[in-house]
Amino acid sequence: MKSKIVIAIAILALYSCQNKTESKNIVKTIVQDTLSKTLGGTANLNEAPPRDDKAVELIRKQLSVLLKKDIPAMTKDDRYFYYQEFDLNNDKKNEYFVGFSNSYFCGSGGCSGYILNNDGSVINRFTVTDYPIYVTTSSTEKFYDLIFESGGKFHLLKMKGGKYPSNPSVQEVIKGDVPKESTKVLDVNSKKIEKYSF
């Protein structure tokens, strides 16, 4: 069984250096079929998550600029982030919520992070917040209103002059629960969100 897997991987490696799409697809099919027969069940190589994407690289570059003065003071464990995409203004381009959850960026009041445009430019930095963040269905200045948790209370943040407020703790407290139709973003305790180094 091991020899079949080794042969299948060797065939894939041999043909991966060629530019012929048809050959790659044939080899991929052979490998999938071999893996399915030897390991049981189905093996779909298309389901493997990509290692990185353009958004991650864009965020890494932006963080290296934004945090240039901070980086020398950080440990390796401090240098990671979470991100999630969401189209905040219905322009068919996602904005990026970028959050941190380590001692360098977090304190007793919560953590800091950024909201970036799809080109990497900063919409704003935020502080003293707990995750997740909620995107509501209401909007101000064509951007969805946000709900941040800070100090155990939920605060409503509305766009004003092209920016959201940076300190959620001094914004309007919402009474009751977060509206059910709101969308959670940056749920860093979820197994679905990944951590990336920078």
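**View 1. Aromatic pairs in a predicted model.** In this predicted model, 13 aromatic pairs turn up, a pair being two rings of Phe, Tyr or Trp (its six-membered ring) with centres within 6.5 Å. Planes under 30 degrees apart count as stacked, over 60 as edge-to-face and the rest as tilted. Phe100 and Phe105 are a stacked pair because their ring centres are 3.8 Å apart and their planes meet at 15°. Both Phe100 and Phe105 are buried, where buried means under 20% relative accessible area, exposed over 50% and partly exposed in between (1.4 Å probe, protein chains only). Residues are numbered from 1 along each chain as its sequence is written. Since this is a prediction, local features need pLDDT of at least 70 and side-chain atom pairs count only at pLDDT 80 or more, while totals for chains, interfaces and linings use all residues; side-chain values use heavy atoms, with hydrogens and water left out.

**View 2. Phe126 meets Phe148.** Here the rings are edge-to-face, with 5.2 Å from centre to centre and 80° between the planes. Phe126 belongs to strand β5 (residues 122-140) and Phe148 to strand β6 (residues 143-150), so this pair links distant parts of the chain, 22 residues apart. Phe126 and Phe148 are each buried. Strands here are DSSP runs of E with at least two residues, and helices are runs of H or I with at least four, both numbered from the N terminus. The protein has three helices and nine strands, and the helices come before the strands along the chain.

**View 3. An aromatic cluster, and a charge over a ring.** One aromatic cluster includes Phe81, Tyr83, Tyr96, Tyr104 and Phe198. Phe100 and Phe105, the stacked pair, are members of this cluster too. Look also for Tyr80: the charged end of Lys195 sits over its ring, 4.2 Å from the centre. For this, NZ of Lys or CZ of Arg must be within 6 Å of the ring centre and within 35 degrees of the ring normal.

**View 4. The largest nonpolar core.** This core has 23 residues, and those with the most contacts inside it are Leu88, Phe97, Leu146 and Tyr164. A nonpolar core is a set of buried Ala, Val, Leu, Ile, Met, Phe, Trp, Tyr and Cys residues joined through side-chain atoms within 4.5 Å. Strands β1 (80-86), β4 (110-116), β5 and β6 each supply at least two residues, and β5 gives the most, with five. Which residues does Phe97 contact, leaving aside neighbours within four places in sequence? Among them are Tyr82, Phe86, Leu88, Ile133, Leu146 and Val185, a contact meaning heavy atoms within 4.5 Å. Another core, of 17 residues, lies apart from the largest one and includes Ile59, Leu63, Tyr114 and Phe198.

**View 5. The disulfide.** How many disulfides does a search of the whole structure find? There is one, formed by Cys106 and Cys111 with their sulfur atoms 2.0 Å apart; the cut-off is a pair of cysteine sulfur atoms within 2.5 Å. The link of Cys106 and Cys111 is right-handed, with 110° about the S-S bond. Cys111 counts as buried because its relative accessibility is 11%.

**View 6. Ala73 in its loop.** Ala73 lies between α3 (54-66) and β1. Is Ala73 buried or exposed? Its relative accessible area is 56%, so Ala73 is exposed. The C-alpha atoms of Ala73 and Tyr104 are separated by 9.1 Å, with their positions 31 residues apart along the chain.
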